[in-house]
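Trainee: Could you walk me through how to read this structure, starting with where its parts meet?

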Amino acid sequence: MSSPADRLVYMANQIGMFFKSQGHDKAVPGIADHIKKFWDPRMKRAIFAHLDAGGAGLEPNVLEALTSLKQTASLPEAH
Amino acid sequence: MSLIEEIDYGTPRSKSSTMVTLTIDGNEVTVPEGTSIMRAAMDAGHQIPKLCATDMVDAFGSCRLCVVEIEGRAGTPASCTTPVMNGLVVHTQSEKLKKLRKGVMELYISDHPLDCLTCGANGDCELQDMAGAVGLRDVRYGYEGENHVFAKSHGEINAAWMPKDESNPYFTYDPSKCIVCSRCVRACEEVQGTFALTISGRGFDSRVSPGMSESFLGSECVSCGACVQACPTATLTEKSVIEIGQPEHSVVTTCAYCGVGCAFKAEMRGEEVVRMVPYKDGKANRGHSCVKGRFAWGYTNHKERILNPMIRERIDDPWKEVSWDEAFSFAAAKMRGIQQKYGRNAIGGITSSRCTNEETYLVQKLIRAGFGNNNVDTCARVCHSPTGYGLSQTFGTSAGTQDFDSVEDTDVAVIIGANPASAHPVFASRLKKRLRQGAKLIVIDPRRTEMVESPHVKALHLPLLPGTNVAVVTALAHVIVTEGLVNEAFVRERCDWAEFEEWAAFVAQAKHSPEATAILTGVDPKDLREAARVYATGGNGAIYYGLGVTEHSQGSTTVIAIANLAMATGNIGRPGVGVNPLRGQNNVQGSCDMGSFPHELPGYRHISGDAVRDQFEALWNVKLNPEPGLRIPNMFDAAIEGTFMGIYVQGEDILQSDPNTKHVVAALSAMECVIVHDLFLNETANYAHVFLPGSSFLEKDGTFTNAERRIQRVRKVMSPKNGMADWEVTIGLAKAMGFEMNYSHPSEIMDEIAALTPTFTGVSYAKLDELGSVQWPCNEKAPEGTPVMHIGGFVRGKGKFIVTEYVATDERTGPRFPLLLTTGRILSQYNVGAQTRRTENVVWHAEDLLEIHPHDAEQRGVRDGDWVRLTSRAGETTLRAEITDRVSPGVVYTTFHHPDTQANVITTDYSDWATNCPEYKVTAVQISPSNGPSDWQKSYDEQARHSRRIAPAEAAE
């Protein structure tokens with residue numbers, strides 16, 4: 001897999017794929033919760049930056065989950 | 001300290017709860033029905049002379065030494081084969097019995113060498129003991145007659161004499177000392193289940209014969225050591241005993257190899273190990289062992305062990321040996337320097353699933369509290385992290401549900417993606433014993449493993465294509481739901497009914513049927529339906545699974561699917577059933593319990609929880625970071641991006657064990673400080689700047705937690721050869737980094753763990769010494785631990801059904817890479833082989849081989865033993881081919897025990913969606929004939945040689 005952003009998009013979509021069969025209403029919070037719980041802040045920052053740049057490649061449920069997560073997350077600074 | 005003598009009761013314990021009372025030598029004895037008179041007498045403290053009886057195998061009644069007299073019964077029955085009855089009056093000693101026994105011994109000794117003083121068993125020989133017990137003073141028959149003892153008799157070659165068989169690297173077989181009691185044969189059958197030994201011939205011609213009169217090494221013998229343990233004479237003796245002599249003291253400790261966690265007696269002379277003998281009271285192994293734990297401990301004093309700390313500025317410099325203080329301050333300066341330059345989160349560490357709970361706890365504490373971040377992970381990431389996720393989602397806790405004893409009550413065992421005969425051999429033996437009693441076995445595995453067919457075992461085998469676990473397990477659920485085999489009462493009582501209904505509707509869809517999925521999975525729908533029916537209706541159904549389940553892009557999904565299956569059939573919450581992950585390394589369970597994952601503190605509590613963090617912050621006196629840290633694959637990615645620049649790796653070889661070696665090399669090369677803490681200069685150390693020598697499990701105190709959650713003591717039997725136990729090394733490094741941790745003994749670390757972890761509050765060294773072991777969780781609710789989980793209800797409350805949609809991995813076969821590679825282990829080697837390659841075990845497995853089906857081999861012009869090039873999208877390597885139909889057409893298989901094979905150059909970056917556990921088990925590959933090592937192997941080997949140089953010590957001034 002090529003760039004770091006591509007890799008994170010791939011991982012996020014993989015998570016999205018698992019929750020997809022539970023239907024939109026469960027999938028969106030499920031995806032958001034999973035990323036909140038298991039991703040390191042630098043990974044979250046990078047995917048949010050990708051989201052701000054248009055979120056190319058993100059599946060719709062994932063895009064929605066990340067948008068809602070970004071609003072509630074308060075990430076500490078890098079240092 | 002003295003030698004721990006275990007009582008041999010002569011025959012196995014009866015499990016009956018009906019009690020029987022009889023009189024033996026004037027004493028009233030009450031024992032369970034089914035007990036032998038021999039065992040009842042031993043219970044009362046009267047030892048009846050015996051040779052062919054031992055309590056590890058069933059009574060046989062061949063030596064006639066254990067005869068007794070029973071009032072009102074004619075003759076002199078053998079006490080080993082005569083069961084107790086109410087009211088019997090037994091005499092174990094009388095003039096008649098004395099005479100009979102002396103006669104028996106006289107015959108035995110007339111055909112036995114009298115070299116007792118120079119015999120390897122001198123001091124530990126039951127024949128010698130019995131000669132003494134019966135008062136044998138004379139052998140009237142002489143020693144001149146027909147015999148098995150002398151190579152020549154009366155000047156002629158003695159055809160009955162056989163030379164010693166020294167082919168096995170660890171024990172010898174001396175037929176001249178054999179009394180044909182057949183204890184070895186029975187141990188091989190009843191305990192190990194291999195059936196490698198037999199008695200050939202009849203009467204005087206009877207001989208113990210490995211296979212068809214083969215050598216031990218050339219036979220099917222798996223060198224578990226059960227026969228050696230069973231042998232009452234010097235016929236089967238450990239070579240170490242012959243070389244060193246009898247041990248003088250012993251200490252009970254826990255094996256440091258696989259997740260079974262066998263208890264052993266380390267039998268010692270001073271600080272030298274004479275032999276390791278499985279401990280009968282060990283509740284995981286019940287007195288059994290495998291070749292690794294029993295014999296393969298020679299690596300602990302292998303010449304390649306590094307005993308002095310070493311440092312270097314750059315990885316192409318030679319290593320420089322330094323003092324501990326110098327190594328610590330060098331490492332600390334580097335790590336703190338990185339944090340100043342790149343930020344607090346730019347360093348991290350990896351805890352070891354081979355080290356003790358206490359050591360693992362300290363490493364995660366150093367990282368969270370000393371480094372000030374949560375960049376801690378462990379090798380469970382690359383093996384059982386999907387278990388952690390899947391079982392905690394469905395059941396509420398990530399642990400396996402049963403103890404190993406549970407298998408004795410199992411009626412149907414399902415093994416998915418595991419090969420216990422190779423990877424968890426002592427558990428496999430216990431399972432096979434149950435199968436020989438009539439339990440059924442279903443094996444779901446791409447390969448026809450040793451479990452599928454072995455003596456008296458024939459499994460229903462579902463040979464699926466690698467990567468289709470979710471489809472197969474969901475199809476099993478489809479059959480159970482659509483054929484009305486759900487245990488509705490259980491589900492209504494224990495699980496969330498609405499979630500169940502949703503799940504049942506999902507799996508019942510026609511697209512999940514065995515017939516519809518066969519095209520993906522390659523599994524015969526008839527066999528799959530049969531398997532589902534047997535599991536759902538065959539009595540107690542237990543699922544055991546391994547890395548063939550977890551190491552996939554849908555690893556967590558399969559774990560969830562398995563949990564769904566167990567809940568739907570009510571196979572949870574009592575002995576004989578359950579969902580049981582077979583853990584790879586000795587302390588995988590423990591390292592997870594100890595908070596080795598970046599998102600959770602000890603006891604599986606998420607780092608974002610304020611209350612939990614408060615508790616740790618108060619005791620550790622630091623502020624903790626509430627955000628999860630990096631997982632191992634994320635660390636590598638971050639290193640390549642330049643945000644993760646320093647790592648402390650305790651007791652793991654991530655370069656050899658992690659997938660896509662080139663990616664790992666790039667990540668390690670990018671880091672500014674790699675600290676490796678290990679016994680040997682492993683592959684990761686080729687990229688390290690600091691090497692801290694480790695100590696072996698024989699050299700330290702602590703605890704391991706095995707796959708059945710059993711916490712057992714590891715006890716120090718010798719001083720650390722490197723001068724410090726591993727926990728002391730971590731404390732030293734922490735101190736140099738300005739973070740003080742004060743403990744004088746590992747028991748104090750366990751006390752801290754117990755104080756901070758609700759599931760550990762009942763654990764202490766005092767309790768472990770008293771009870772031998774306890775199973776997690778151990779607290780006020782379960783003061784002696786928890787053998788079976790989820791009794792009466794799930795840890796999370798209601799069991800949670802979750803739908804499991806099959807999603808094919810993106811690692812696909814195609815014209816360029818038409819075959820699927822899957823990987824695994826073999827019996828004699830362990831993990832990356834760092835330990836077992838440094839023992840005589842290499843006689844069984846000197847190199848990794850590529851198993852390929854005859855059809856695929858023929859198409860490519862590959863013959864058995866040829867070098868082949870194995871190529872994937874990630875890389876290529878070469879190794880030799882073994883042509884076999886154990887694998888299906890289209891599937892190839894290899895092991896990853898040898899660094900020169902570099903199986904992980906081939907594996908890819910794909911990983912489990914939930915946990916990033918790498919997808920080791922599916923790689924699309926192509927195979928072509930080759931002349932020898934690839935360019936990558938050559939350059940890797942050159943770099944490794946260059947990197948391992950140690951500068952000669954400077955002359956003292």
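Mentor: Happily! Here 21 residues of chain A are in contact with 22 residues of chain B, contact being C-beta atoms, placed from the backbone, within 7 Å. This is a predicted model, where local features need pLDDT of at least 70, side-chain atom pairs count only at pLDDT 80 or more, and totals for chains, interfaces and linings use all residues. Residues are numbered from 1 along each chain as its sequence is written, with chains lettered from A and ligands numbered from 1 in the order in which they are written.

Trainee: Which element supplies the largest share of the side of chain A that touches chain B?

Mentor: That is H1(A), with 7 residues; helices are DSSP runs of H or I, at least four residues, numbered from the N terminus.

Trainee: How should I read a nonpolar core?

Mentor: In soluble globular proteins, nonpolar side chains tend to be buried together. A core is a set of buried Ala, Val, Leu, Ile, Met, Phe, Trp, Tyr and Cys residues joined through C-beta atoms within 7 Å, and buried means 20 or more other C-beta atoms within 10 Å of the residue's own. In this model the largest core has 277 residues, of which Leu476(B), Ile562(B) and Ile675(B) touch the most other members. Helix H13 (residues 469–482) of chain B gives the largest share, 10 residues. A second, separate core of 27 residues includes Met11(A) and Trp913(B).

Trainee: And how many residues of H9(B) are buried?

Mentor: 14 of its 15. After H9(B) comes Gly372(B), with a positive phi near 80°.

How values were computed:
Contact = placed C-beta atoms within 7 Å. Helix = DSSP H or I, 4+ residues; strand = E, 2+ residues; numbered from the N terminus. Buried ≥ 20, exposed ≤ 12 C-beta atoms within 10 Å, placed from the backbone.
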